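I open this notebook to record, entry by entry, what I looked up in the structure. Each entry takes up one topic.

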Amino acid sequence: LLGHVEPHHVPRGQLLPIRFEESQRPRRHRHLPHRAHVVRIPGPPARGTQEKENPPILGLIQRGGEVVLHMLANVQQTTIRPIIEATVAAGSLIYTDEYDIYARLEAWGYSHKTVCHGRGEYARDDDGDGFCEVHVNTMEGFWSLLRSWLRPHRGISQEKLPVYLGFFQFVHNTRRRGKALLGALVAALVT
């Protein structure tokens, strides 16, 4: 469960804040050979759904802890609630952006603070100590890493995307590279 990781600098039993946000699988680009730039597919940007072949992905991350990824059928409270309740310890402090699917987190038993990207707010110092503790930048950074890793794997089908997400989640959470990653992967497959 996220919220129960106890690093050395956190008093025993105190829950760490969780940051999470939804993202979408990047829309396909059309490359024009006679130009050096990329042209986006026409159409307004919108929240993805599996029917639109742009499935939303919910990401939950704890600073210094593990990440959890879920590909969603849609971005609705009824879809994310069971995932949150199964993954995040009750009473945990959750930081999100202002998207309305997170509006009921307090009613579900979590502490909740938001930043409003629409007003240009990306981090906020609530207690005046000079450290901006309210942000979702940890998750934003993770999305950047995931997109960079997925970019060479062009044309991933929706059926196989959860496998790619699961592998990237495993790699991130084991925090090992090279031969050490291979050993961790073999150990996970054997057990």
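**Entry 1: Tyr122**

I began with Tyr122, which lies in the loop between strand E7 (111-115) and strand E8 (123-124). The model is a predicted one, and I read every value below as computed from it. I asked whether Tyr122 is buried, partly exposed or exposed. Its relative accessible area is 45%, and Tyr122 is therefore partly exposed, as buried would need a value under 20% and exposed a value over 50%.

I then asked which residues Tyr122 touches, leaving out those up to four places away in sequence. I found Val115 and His117, and also Val134, His135, Val136 and Asn137. I also noted the spacing of Tyr122 and Asp97: the two are 25 residues apart in sequence, and their C-alpha atoms are 8.6 Å apart in space.

**Entry 2: Asp97**

From there I turned to Asp97, which I located in strand E6 (residues 93-97). With a relative accessible area of 6%, Asp97 is buried. I looked up what its side chain reaches, and found the backbone nitrogen of Tyr99 at 3.3 Å.

**Entry 3: Aromatic pairs**

How many aromatic pairs does the structure hold? I counted 6. One of them joins Tyr99 and Tyr102, edge-to-face, with 6.4 Å from centre to centre and 80° between the planes. Both of these tyrosines, Tyr99 and Tyr102, are buried.

Another pair is formed by Trp149 and Phe168; this one is tilted, at 5.2 Å centre to centre and 35° between the planes. Trp149 belongs to helix H2 (residues 137-150) and Phe168 to helix H3 (residues 161-174), so the pair ties together parts that are 19 residues apart in sequence. I compared the exposure of the two partners. Trp149 has a relative accessible area of 24% and is partly exposed, whereas Phe168, at 11% relative accessibility, counts as buried.

I also noted a cluster linked by ring pairs. Its members are Phe142, Trp143, Trp149, Tyr164, Phe167 and Phe168.

**Entry 4: Helix H1**

I next took up helix H1 (residues 77-87) and listed its buried residues: Thr79, Ile80, Ile83, Ile84 and Thr87. Why do they lie on the same side of H1? They cover an arc of only 115° around the axis, which puts them on the same side of the helix. On the face of H1 turned away from its buried side, I found the exposed residues Thr78 and Ala86.

Arg81 lies in H1 as well. At 33% relative accessibility, Arg81 counts as partly exposed. Its side chain makes a polar contact with the side chain of Glu85, at 2.7 Å. I also looked up the spacing of Arg81 and Trp108: the two are 27 residues apart along the chain, and their C-alpha atoms are separated by 8.2 Å.

**Entry 5: Cysteines**

I searched the whole structure for disulfides and found 0. I then recorded the exposure of Cys116 and Cys132. Cys116 counts as buried at 12% relative accessibility, while Cys132, at 34%, counts as partly exposed.

**Entry 6: The chain as a whole**

I closed with the overall values. The chain has 4 helices and 9 strands, and along the sequence they follow the pattern β-β-β-β-β-α-β-β-β-β-α-α-α. The chain has 191 residues, of which 38% count as buried. About 11300 Å² is exposed, and carbon and sulfur atoms supply 55% of that area. Among the contacts with a separation of 6 or more, residues 24 or more positions apart account for 50%.

Technical notes:
Residues are numbered from 1 along each chain as its sequence is written. This is a predicted model: local features need pLDDT of at least 70, side-chain atom pairs count only at pLDDT 80 or more; totals for chains, interfaces and linings use all residues. Side-chain values use heavy atoms; hydrogens and water are left out. Helices (H or I, at least four residues) and strands (E, at least two) are DSSP runs, numbered from the N terminus. Buried means under 20% relative accessible area, exposed over 50%, partly exposed in between (1.4 Å probe, protein chains only). Contact means heavy atoms within 4.5 Å. Accessible areas come from the Shrake-Rupley method with a 1.4 Å probe; for residues, only the protein chains shown count as cover. The arc is that of the directions from the helix axis to the C-beta atoms. A polar contact is a pair of N or O atoms within 3.5 Å; within protein, one must be able to donate a hydrogen and the other to accept it, and residues adjacent in sequence count only if both atoms are side-chain atoms. A disulfide is a pair of cysteine sulfur atoms within 2.5 Å. Rings of Phe, Tyr and Trp (its six-membered ring) pair if their centres lie within 6.5 Å; planes under 30 degrees apart count as stacked, over 60 as edge-to-face and the rest as tilted.
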